[in-house]
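This report goes through one protein chain, from the whole fold down to single residues. Please look at the sequence and the structure before reading on.

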Amino acid sequence: MREKKIILSPSLLSCDFAQAGVQLEALERAGIRQIHLDVMDGIFVPNISFGQVVIRSLRKCTKLFFDTHLMITEPEKKISWFDFQPGEFVSVHHESTKNWRQTLQMVRDAGAKPLAAINPPTPVSVLEDVIDLIDGVLVMTVNPGFSGQKAVPETIAKIHETRELLAK
């Protein structure tokens with residue numbers, strides 16, 4: 001049986017941006033090694049968060065690995081905008097691109113670890129086309145683009161189904 005690796009990745013969206021540097025330092029002191037960055041473009045999801053300029057500036061004030069969640073339309077056109085570092089995770093949604101496999105490969109070619117992101121209504125079966133290419137799966141338990149939502153109850157079964165698929 002494979003050893004389970006648990007990674008806590010608090011979302012930057014929850015921080016007070018006026019105190020981001022201080023809060024990132026506090027997370028480091030608490031033993032956090034990775035921060036989740038929700039990149040939203042106002043097109044793929046209705047909200048806008050932050051982009052590569054903010055992420056680039058955050059690199060100057062923390063040693064944390066970045067777990068970048070691209071909730072953006074046509075991410076393949078924007079992968080090169082980001083300064084992904086070796087070992088960092090980058091999540092790409094199946095619905096956000098016409099060629100999911102190619103986009104995930106672009107993430108890998110940029111030196112990061114590609115993750116497949118699937119929304120609550122997305123069937124787990126879509127992972128079969130990219131399972132050999134990804135380093136993990138982000139199973140969304142809420143609809144992307146809004147913080148503070150209640151989990152969609154059906155997604156718990158989807159997590160189990162994903163684990164079974166990955167264990168094959």
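Of the 168 residues in the chain, 42% are buried. The model is a predicted one, and every value in this report is computed from it.

**The chain as a whole**

The chain holds four helices and five strands. In sequence order, these elements follow the pattern α-β-α-β-β-α-β-β-α. The chain thus has a helix at either end of this pattern.

How does the radius of gyration of the chain agree with that of a compact globule? For 168 residues, a compact globule would be near 15 Å, and the chain has 16 Å, so the two agree. The C-alpha trace spans about 40 × 35 × 30 Å along its principal axes.

Contacts can also be sorted by how far apart the partners are in sequence. Among contacts with a separation of 6 or more, 58% join residues that are 24 or more positions apart.

The accessible surface of the chain is about 9600 Å². Carbon and sulfur atoms account for 55% of that surface. As for charges, the chain has 19 positive and 20 negative ones. The mean positions of these two groups are 4 Å apart.

**An aromatic pair**

A pair of aromatic rings is described by the distance of the centres and the angle of the planes. The chain has two aromatic pairs. One of them is formed by F82 and F84 and is stacked, with 5.3 Å from centre to centre and 5 degrees between the planes. Both F82 and F84 are buried.

F84 sits in the loop between β2 and β3. Its relative accessibility is 6%, so F84 counts as buried, the limit being under 20%. Leaving out residues up to four places away in sequence, F84 touches R59, T68, L70, I79, V90, A110 and A112. F84 and K113 are 29 residues apart in sequence, and their C-alpha atoms are 9.3 Å apart in space.

**A residue in a strand**

V92 belongs to strand β3. Is V92 buried or exposed? V92 is buried, because its relative accessibility is 0%. Not counting residues up to four places away in sequence, V92 touches L70, P75, T97, W100, T103, L104, V107, L115, A116 and A117. L70 is one of the residues that F84 touches, and L70 is also among those touched by V92. V92 and E161 are 69 residues apart in sequence, with 19 Å between their C-alpha atoms.

**Residues in loops**

The table lists the relative accessible area of four loop residues.

| Residue | Relative accessible area | Class |
|---|---|---|
| I43 | 65% | exposed |
| G111 | 31% | partly exposed |
| E74 | 27% | partly exposed |
| T122 | 3% | buried |

I43 lies in the loop between β1 (34-40) and α2 (52-58). I43 is exposed because its relative accessible area, 65%, is over 50%. I43 and A30 are 13 residues apart in sequence, and their C-alpha atoms are 35 Å apart in space.

T122 is also a loop residue, placed between β4 (113-118) and β5 (136-139). T122 is nevertheless buried, with a relative accessible area of 3%. What is T122 in contact with, leaving aside its neighbours within four places in sequence? The partners of T122 are H94, E95 and K158.

G111 is found in the loop between α3 (100-109) and β4. Apart from residues up to four places away in sequence, G111 touches Q85, P86 and G87. G111 and T62 are 49 residues apart along the chain, and 19 Å separates their C-alpha atoms.

E74 is in the loop between β2 (65-71) and β3 (89-93). Most residues other than glycine have a negative phi. E74 is not a glycine, yet its phi is positive, at about 50 degrees. E74 counts as partly exposed, because its relative accessible area of 27% lies between the limits of 20% and 50%.

Notes. Residues are numbered from 1 along each chain as its sequence is written. This is a predicted model: local features need pLDDT of at least 70, side-chain atom pairs count only at pLDDT 80 or more; totals for chains, interfaces and linings use all residues. Side-chain values use heavy atoms; hydrogens and water are left out. Helices (H or I, at least four residues) and strands (E, at least two) are DSSP runs, numbered from the N terminus. The radius of gyration is taken over C-alpha atoms; the globule rule is 2.2 Å times the number of residues to the power 0.38. Buried means under 20% relative accessible area, exposed over 50%, partly exposed in between (1.4 Å probe, protein chains only). Contact means heavy atoms within 4.5 Å. Accessible areas come from the Shrake-Rupley method with a 1.4 Å probe; for residues, only the protein chains shown count as cover. Lys and Arg count as positive and Asp and Glu as negative; His and the chain ends are not counted. The place of a charge is taken as NZ of Lys, CZ of Arg, CG of Asp or CD of Glu. Rings of Phe, Tyr and Trp (its six-membered ring) pair if their centres lie within 6.5 Å; planes under 30 degrees apart count as stacked, over 60 as edge-to-face and the rest as tilted.
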